[in-house]
Amino acid sequence: MVSVDYQLRVAVAADEPVLRDLIARSIRELGAGHYTPEQIEAALLGAFGVDTALIRDQTYFVIETGAGDIVGCGGWSRRKTLFGSDTRESRDDSWLDPAVDAARIRAFFIDSRHARRGLGRMLLDRCESEAARAGFSEFALMATLPGKRLYEVCGYVGDQPIEHPLPGGLSITFVPMTKGRSPPVTQ
């Protein structure tokens with residue numbers, strides 16, 4: 001394997017076209033063993049895609065090669081929306097309260113040619129660190145099936161998988177996951 005120098009930076013609006021292509025390519029290639037092509041294409045209509053609120057909030061990041069190619073993206077959010085692109089209908093852009101709410105870990109996608117090189121963990125470390133600086137002690141996300149393993153090895157605990165409805169009468173399996181604050185003890 002050729003050694004590649006990676007840099008992580010804050011995403012900017014000019015990155016949006018490249019991010020759209022990266023997200024589609026990533027889920028088509030890395031998700032192929034978990035989802036049908038029909039599920040993937042339907043999910044690209046809203047469940048997967050660029051969320052420009054994260055870019056505007058400066059909580060979305062890209063990973064670039066030394067040559068300047070964007071090969072990974074992911075972020076975190078102070079807003080209630082847990083997943084989905086700008087086109088997803090059920091969005092809630094209201095603010096979370098770090099004292100009681102979990103920061104949202106959002107929209108991680110890696111170019112398949114750069115997968116399994118620690119890029120997801122690099123993004124996750126940055127997101128958790130920044131969210132913690134903003135006062136959050138718990139993190140929540142909606143994992144894709146190909147992404148679930150990364151989150152598990154990084155300490156996230158999954159809940160029961162859900163079937164998220166997609167256009168055309170299809171659905172796609174996601175796994176809600178959390179990390180952080182322990183649940184209250186009941187007696």
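Which residue of β3 does Tyr60 stand opposite? Tyr60 faces Gly75. The legends below describe close-up views of a predicted model.

**Figure 1. The β2–β3 hairpin and its partner β4.** Strands β2 (60–65) and β3 (70–77) run antiparallel and are joined by 5 bridges. Tyr60 and Gly75 stand opposite each other across this pairing. The two strands form a hairpin, with 4 residues between them. In the turn, Gly68 has a positive phi of about 90 degrees. Strand β3 also pairs with β4, again over 5 bridges and in the antiparallel sense. Here Ser77 has Arg104 of β4 as its bridge partner. All of β3 is buried, 8 of 8 residues, so the strand is largely enclosed by the rest of the structure.

**Figure 2. Helix α1 and its buried residues.** Helix α1 covers residues 16–30, 15 residues in total. At 1.5 Å a residue the helix should span 21 Å, and its end C-alpha atoms are 21 Å apart, so the two values agree. Which residues of α1 are buried? They are Glu16, Leu19, Leu22, Ile23, Ala24, Ser26 and Ile27. These buried residues pack against two helices, α2 and α3. They also pack against the strands β2, β3 and β4.

**Figure 3. An edge-to-face pair, Phe48 and Phe109.** The structure holds 6 aromatic pairs. One of them joins Phe48 and Phe109, with ring centres 5.8 Å apart and planes at 85 degrees, an edge-to-face arrangement. The pair links distant parts of the chain, 61 residues apart. Phe48 lies in the loop between α2 (37–43) and α3 (52–56). Phe109 belongs to strand β4 (residues 103–110). Phe48 has 3% relative accessibility; the cut-off for buried is under 20%, so Phe48 counts as buried. Phe109 is buried as well, at 6%. Both rings belong to one aromatic cluster, together with Phe83 and Phe174.

**Figure 4. A second edge-to-face pair, Phe108 and Tyr151.** The ring centres of Phe108 and Tyr151 lie 6.0 Å apart. Their planes meet at 70 degrees, so this pair is edge-to-face. Phe108 sits in strand β4, and Tyr151 in helix α5 (residues 148–153). The two residues are 43 residues apart, and their pair links distant parts of the chain. Are these two residues buried or exposed? Both Phe108 and Tyr151 are buried.

**Figure 5. The salt bridge of Arg25 and Asp111.** The whole structure contains 13 salt bridges. In one of them the side chains of Arg25 and Asp111 meet at 3.0 Å, N to O. This pair links helix α1, home of Arg25, to the loop between β4 and α4 (119–133), where Asp111 lies. In sequence the partners are 86 residues apart. Arg25 is partly exposed, with a relative accessible area of 28%. Asp111 is buried, at 1% relative accessibility.

**Figure 6. Asp51, Arg106 and their network.** Asp51 and Arg106 form a salt bridge of 2.9 Å, N to O. Asp51 lies in the loop between α2 and α3, Arg106 in strand β4, so the pair ties together parts that are 55 residues apart in sequence. Asp51 counts as buried at 4% relative accessibility. Arg106 counts as buried too, at 2%. How far does the network of shared partners reach, and which residues does it join? Salt bridges that share partners join Asp51, Arg91, Asp93 and Arg106 into one network.

**Figure 7. Arg79 between Asp57 and Trp95.** Two contacts of the Arg79 side chain appear here. Its salt bridge with Asp57 is 2.7 Å, N to O. Arg79 lies in the loop between β3 and β4, and Asp57 in the loop between α3 and β2, so the pair ties together parts that are 22 residues apart in sequence. The charged end of Arg79 also sits over the ring of Trp95, 4.1 Å from the ring centre. Arg79 counts as buried at 16% relative accessibility. Asp57 is buried as well, with a relative accessible area of 19%.

Conventions
Residues are numbered from 1 along each chain as its sequence is written. This is a predicted model: local features need pLDDT of at least 70, side-chain atom pairs count only at pLDDT 80 or more; totals for chains, interfaces and linings use all residues. Side-chain values use heavy atoms; hydrogens and water are left out. Rings of Phe, Tyr and Trp (its six-membered ring) pair if their centres lie within 6.5 Å; planes under 30 degrees apart count as stacked, over 60 as edge-to-face and the rest as tilted. Buried means under 20% relative accessible area, exposed over 50%, partly exposed in between (1.4 Å probe, protein chains only). A charge sits over a ring if NZ of Lys or CZ of Arg is within 6 Å of the ring centre and within 35 degrees of the ring normal. The expected span of a helix is 1.5 Å times one less than its number of residues. Contact means heavy atoms within 4.5 Å. Two strands pair if DSSP finds at least two bridges between them. A salt bridge is a side-chain nitrogen of Lys or Arg within 4 Å of a carboxyl oxygen of Asp or Glu.
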